[in-house]
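Colleague: I would like a close look at one part of this predicted model. Please take the sheet, and work outwards from there.

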Amino acid sequence: MNSFAELVRLRRSMRKFTDEPLTEEQVTQLLKSALMAPSSKGKHAWHFVVVDDRSMLEKLALCKAQGADFLAGAAMAVVVVGNPEESDVWIEDASVASTILLYQAEDLGLGACWIQVRERYTAEGEPADNIVRYLLEIPEPLRVVSIIAIGHKGMERKPFNEDRLLWEQVHVDKF
């Protein structure tokens, strides 16, 4: 990538993936970047669960009523977990790490998409967090913030259209 500005312009959510697996180098780089994510007071109150088992990806794709089904077609998922007992800003720290995974995937030429888990539910009203923690044997008190679906892009997406920037939502010196 030539610049961060170009990376931001090009990164779009990808919900369609090819069957091509990720290389060990790609997985390592994704995880290195996540582990370098900034965190409040350097507490690193997050954990990452890497899932590349097809049957588990299919089960995780059913963790909430809508918006996760495409996970079944991803090469890999990174489940981003936070520890509320380690930091009062565990949600923010896990969110920053999730975002870094999205941009690192784009920088590697891969597609990725954030799947919101925290405060999402199955059609029956079961918290998605409970489903994911059960499937992956994630212990208490850890909580799932997101699942980042990653794989080789299965379609082309146009870069972000700067004509759609909401400049009216930028305020200077006061609201």
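Which residue in strand 4 does Gly-82 stand opposite? Please go on from that pair to the strands, the packing and the loops.

Modeller: Gly-82 stands opposite Arg-143 in strand 4. Keep in mind that this is a predicted model.

That pair belongs to a longer match. Strand 2 covers residues 76-82, and 7 bridges join it to strand 4. The two run antiparallel. Met-76 is also matched with strand 4, where its bridge partner is Ile-150. Strand 2 has another neighbour as well: 6 bridges join strand 1 to strand 2, again antiparallel. Here Val-51 has Ala-77 of strand 2 as its bridge partner.

Now the whole sheet. It is open, with 4 strands in the order 1-2-4-3 and antiparallel pairing. Strand 1 (46-51) and strand 3 (111-116) are the edge strands, each pairing on one side only. From one strand to the next, the twist averages 20°. Strands of a sheet pair through backbone hydrogen bonds, either parallel or antiparallel.

Two helices pack on this sheet. Helix 4 (residues 90-107) touches strand 1, strand 2, strand 3 and strand 4. Its direction makes about 0° with that of strand 4. Helix 5 (residues 128-136) touches strand 1, strand 2 and strand 4. The direction of helix 5 makes about 70° with that of strand 4.

Strand 2 itself is well covered. Of its 7 residues, 7 are buried, so strand 2 is largely enclosed by the rest of the structure. In a regular strand the side chains alternate between the two faces of the sheet. On one side of strand 2 are Met-76, Val-78, Val-80 and Gly-82. On the other are Ala-77, Val-79 and Val-81. Both faces are covered, and these residues are all buried.

Next, the nonpolar cores. The largest has 26 residues, and Leu-71, Val-79, Val-132 and Ile-147 touch the most other members. Helix 3 (54-60), strand 2, strand 3, helix 5 and strand 4 each supply at least two residues of this core. Look at Ile-147. Leaving out residues up to four places away in sequence, Ile-147 touches Cys-63, Leu-71, Ala-77, Val-78, Val-79, Cys-113, Trp-114, Ile-115, Val-117 and Val-132. A second, separate core has 23 residues, including Leu-30, Trp-46, Leu-110 and Ala-112.

Ser-146 deserves its own look. Ser-146 sits in strand 4 (residues 143-151). Its relative accessibility is 0%, so Ser-146 counts as buried. The side chain of Ser-146 makes a polar contact with the side chain of Ser-98, at 2.7 Å. Neighbours within four places in sequence aside, Ser-146 is in contact with Val-78, Val-79, Val-80, Ser-98, Trp-114, Ile-115 and Val-117.

Two cysteines came up among the contacts of Ile-147. The disulfide count is 0. Cys-63 is in no disulfide, and the nearest cysteine sulfur, that of Cys-113, is 12 Å away. For Cys-113 the closest cysteine sulfur is in Cys-63, and 12 Å is too far for a bond because a disulfide needs sulfur atoms within 2.5 Å. Cys-63 counts as buried because its relative accessibility is 0%. Cys-113 counts as buried too, at 1%.

Now the loops. Gln-66 is in the loop between helix 3 and strand 2. At 67% relative accessibility, Gln-66 counts as exposed. Its C-alpha atom is 9.8 Å from that of Ile-115, though the two residues are 49 apart along the chain.

The loop between helix 5 and strand 4 holds Glu-137 and Pro-141. Most residues other than glycine have a negative phi, and most peptide bonds are trans. Glu-137 has a positive phi, near 55°. At 70% relative accessibility, Glu-137 counts as exposed. The peptide bond from Glu-140 to Pro-141 is cis, with omega near 5°.

One more positive phi lies further along. Asp-173 is in the segment after strand 4, and its phi is near 70°. Asp-173 counts as exposed, at 82% relative accessibility.

Technical notes. Residues numbered from 1 in each chain as written. Predicted model: local features only at pLDDT ≥ 70, side-chain atom pairs only at ≥ 80, totals over all residues. Heavy atoms only, no water. Buried < 20%, exposed > 50% of the residue type's maximum accessible area, 1.4 Å probe, protein only. Polar contact = N/O pair within 3.5 Å; in protein donor to acceptor, adjacent residues only side chain to side chain. Contact = heavy atoms within 4.5 Å. Pairing = 2+ DSSP bridges. Axes fitted to C-alpha atoms, helices over the stretch in contact; angles between N-to-C directions. Core = buried A, V, L, I, M, F, W, Y, C linked by side-chain atoms within 4.5 Å.
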